[in-house]
Amino acid sequence: MEYTYNIIDSDATSNLQLQHYLGEYGDFTCTAMCKDSSEGINHVLKYSPDIIFINLGENAYEYFHMVMELHQYLTDLPIIIGIAKCKKYAYDAIKGGFFDYWLMPYNEFDIRKSIYRLKKLLPVKVEPQTLCLKSYRDFQYINTDDILYLQADNNATEFIMKDGTINNAFKTLKTFENQLPKNFVRIHQSYIVNTKYISRISYGKSVCTLKQNKEQLPFSKSYRKNIDELKKILSKNVISSLN
């Protein structure tokens with residue numbers, strides 16, 4: 001399971017430091033970075049993150065009000081962790097339902113303890129790895145790890161498998177978009193790809209190259225944001241040779 005988080009912080013330096021610390025755990029993905037409470041509420045409602053990190057700073061009480069306002073829109077709030085340079089707002093933060101309160105400069109040991117408590121509170125959810133394709137009285141079960149990509153075929157969908165076979169489902173591509181594990185990403189009106197098999201992303205040619213047979217799939221401008229997020233995920237823990 002990957003934990004998604006939003007950062008609400010107007011300080012770019014502390015923002016980068018926080019992402020650096022979280023990046024060491026390998027299962028935290030940043031979905032939004034916000035500069036103030038107004039932008040923060042908008043992005044929390046838009047991305048539904050698991051965790052919100054708030055650099056309280058001089059606007060602490062504005063952020064406390066923001067958290068109270070979120071209760072008007074959400075039944076269950078994300079886990080909220082406050083960040084500050086002093087303990088001044090710690091009592092109000094904990095009283096306001098914050099999960100934890102981190103002091104800057106960051107203490108690696110304190111962060112590690114907090115992360116493990118967080119993971120205990122939000123245990124790993126095992127995503128289903130088998131997909132059932134139903135057609136009348138026929139039920140076909142396929143392992144999602146064996147799927148290279150999905151391709152739209154009018155009102156049907158073709159499942160292109162890594163062994164070269166093709167399975168058909170008489171449902172639209174949209175039907176499967178939210179049913180598949182998170183490693184499947186929509187990159188085009190006609191394609192959903194298994195990101196485990198992507199070896200290259202070319203922005204110049206607007207194509208993703210698969211490890212299997214070097215096949216190329218196009219991506220469109222309307223799904224450019226998905227490609228950007230995909231690049232971030234694939235770039236984790238890699239050795240870069242960029243000049």
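Okay, the pocket. This is a predicted model, and its largest pocket comes out at about 1,200 Å³. If you want to find the middle of that pocket on the screen, look for K182, N183, F184, V185 and I233, which are the closest to its centre out of 30 lining residues.

So who builds the wall? Two or more lining residues come from each of β2 (28-34), β11 (184-188) and α7 (224-234). Of the elements, α7 gives the most, with six residues. And what sort of residues are they? By type, the lining of the largest pocket splits into nine nonpolar, 10 polar and 11 charged.

Now, on to the nonpolar cores. The largest one has 21 residues. Which of them have the most contacts inside that core? Those are I54, L56, M66 and F98. As for where the core's residues come from, the elements giving two or more are β2, α2 (37-47), β3 (51-55), α3 (60-70), β4 (79-84) and α4 (90-95). The largest share is from α3, with six residues. You'll remember β2 from a minute ago, since β2 also gives two or more residues to the lining of the largest pocket.

There's a second core too, lying apart from that one: 20 residues, with Y5, F28, F53 and M104 among them. For background, nonpolar side chains in soluble globular proteins tend to be buried together.

Let me go back to I54 for a second. Leaving out residues up to four places away in sequence, I54 touches I8, Y63, M66, V67, I80, I81, G82, I83 and F98. Two names on that list, M66 and F98, you've just heard, as they sit with I54 among the residues with the most contacts inside the largest core.

Last bit: some backbone oddities. M104, which we met in the second core, leads into a cis peptide bond, the one from M104 to P105, with omega near 0 degrees. You'll find P105 in the loop between β5 (100-103) and α5 (108-121).

Then there are two residues with positive phi that aren't glycine. One is N154, with phi near 55 degrees, in the loop between β8 (147-153) and β9 (156-161). Buried or exposed, that N154? It counts as exposed, because its relative accessibility is 74% and the cut-off is over 50%.

The other is K214, with phi of about 55 degrees. K214 sits in the loop between β14 (207-210) and β15 (216-218), and K214 is exposed as well, at 58% relative accessible area.

Methods: Residues numbered from 1 in each chain as written. Predicted model: local features only at pLDDT ≥ 70, side-chain atom pairs only at ≥ 80, totals over all residues. Heavy atoms only, no water. 1 Å grid on protein atoms, 1.4 Å probe; cavity = no way out; pocket = protein on both sides within 12 Å on 5 of 7 lines; lining within 4 Å. Points joined across faces, edges and corners; volume = space filled by probe spheres on them. Helix = DSSP H or I, 4+ residues; strand = E, 2+ residues; numbered from the N terminus. Nonpolar A, V, L, I, M, F, W, Y, C, P; charged D, E, K, R; others polar. Buried < 20%, exposed > 50% of the residue type's maximum accessible area, 1.4 Å probe, protein only. Core = buried A, V, L, I, M, F, W, Y, C linked by side-chain atoms within 4.5 Å. Contact = heavy atoms within 4.5 Å.
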